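Hi there,

Here is the structure I promised to pass along. Have a look at it first, and my notes follow below.

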Amino acid sequence: MAKRIRLACGIALGCATVCGAQSEAADKATFQKICGTCHASSMVSDFKTEAEWTATVDQMVSIGAKGSSEEFDRVLRYLAGNFTRVNVNTGTAAQIAPVLGVSEAVAQTVVDYRMHNGSFATLDDLKKVPGLPASELDSRKARIAFR
Ligand code: HEC
């Protein structure tokens with residue numbers, strides 16, 4: 001049954017919000033399960049770059065963290081959406097998207113904008129990119145680096 005629901009969900013149009021929230025909750029549950037085995041998952045509290053998280057997760061695996069590759073994908077996706085810092089002047093669209101909470105297409109407009117207009121110096125510069133949700137940027141500003 002659960003499988004059928006997931007399948008229907010993936011196919012149906014307009015389910016982005018509902019399905020997004022569901023998979024976000026599933027990602028969080030997987031993160032708490034795998035990363036809360038040896039220490040509390042609240043041990044994860046600092047922001048790191050994507051590369052630093054990949055290295056940390058590799059290190060945890062080397063000392064015994066266990067899960068399927070699908071589960072580690074979920075863990076990394078959860079970390080990208082919640083605990084990852086990105087430099088908006090050097091990051092790729094794929095790296096910027098989960099940190100800003102936007103689609104990769106919108107993140108690509110950030111990359112295009114900086115190519116045409118030069119580096120962003122401040123959050124206000126970043127807000128000039130059409131289509132970015134300003135209030136979301138404010139709430140995520142601790143994770144947005146400019147250099
Ligand atoms: C097999 C046990 C184990 C599991 C499972 C585990 N950890 Fe750890 N983790 C440790 C130990 C032991 C330390 C402390 C030693 C150290 O700092 O290397 C630690 C330290 C940490 C630290 C603090 C040090 C640092 O590098 O910033 C973070 C962050 C962390 N773990 C994240 C995670 C994440 C994310 C996961 C899930 C993928 C995870 N851990 C799963 C054993 C584990």
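Which residue follows H6, and what is the sign of its phi? The residue is Gly 118, and its phi is positive, near 90 degrees. Please keep in mind that this is a predicted model.

H6 itself covers residues 104–117. With 14 residues at 1.5 Å each, H6 should span 20 Å, and its end C-alpha atoms are indeed 20 Å apart, so the two values agree.

H3 can be checked in the same way. It has 13 residues, so at 1.5 Å a residue the expected span is 18 Å, which agrees with the 18 Å between its end C-alpha atoms. Just after H3 comes another glycine with a positive phi: Gly 64, at about 125 degrees.

Gly 64 also turns up around the ligand. The shell there holds 14 residues, and the closest are Cys 35, Cys 38, Met 60, Gly 64 and Ala 65. Two helices, H2 (16–35) and H3 (50–62), are the elements that give two or more residues to this shell. H3 provides the largest share, with three residues. By type, the shell has 10 nonpolar residues, four polar ones and no charged ones.

As for the whole protein chain, there are eight helices and two strands. Starting at the N terminus, their order is α-α-α-α-β-α-α-α-α-β. The chain has 147 residues, of which 18% count as buried. Of its contacts between residues at least 6 apart in sequence, 58% join residues at least 24 apart.

Happy to chat whenever suits you.

Best wishes

Terms used. Residues numbered from 1 in each chain as written. Predicted model: local features only at pLDDT ≥ 70, side-chain atom pairs only at ≥ 80, totals over all residues. Near = placed C-beta within 6 Å. Helix = DSSP H or I, 4+ residues; strand = E, 2+ residues; numbered from the N terminus. Nonpolar A, V, L, I, M, F, W, Y, C, P; charged D, E, K, R; others polar. Expected span 1.5 Å × (residues − 1). Buried ≥ 20, exposed ≤ 12 C-beta atoms within 10 Å, placed from the backbone. Contact = placed C-beta atoms within 7 Å.
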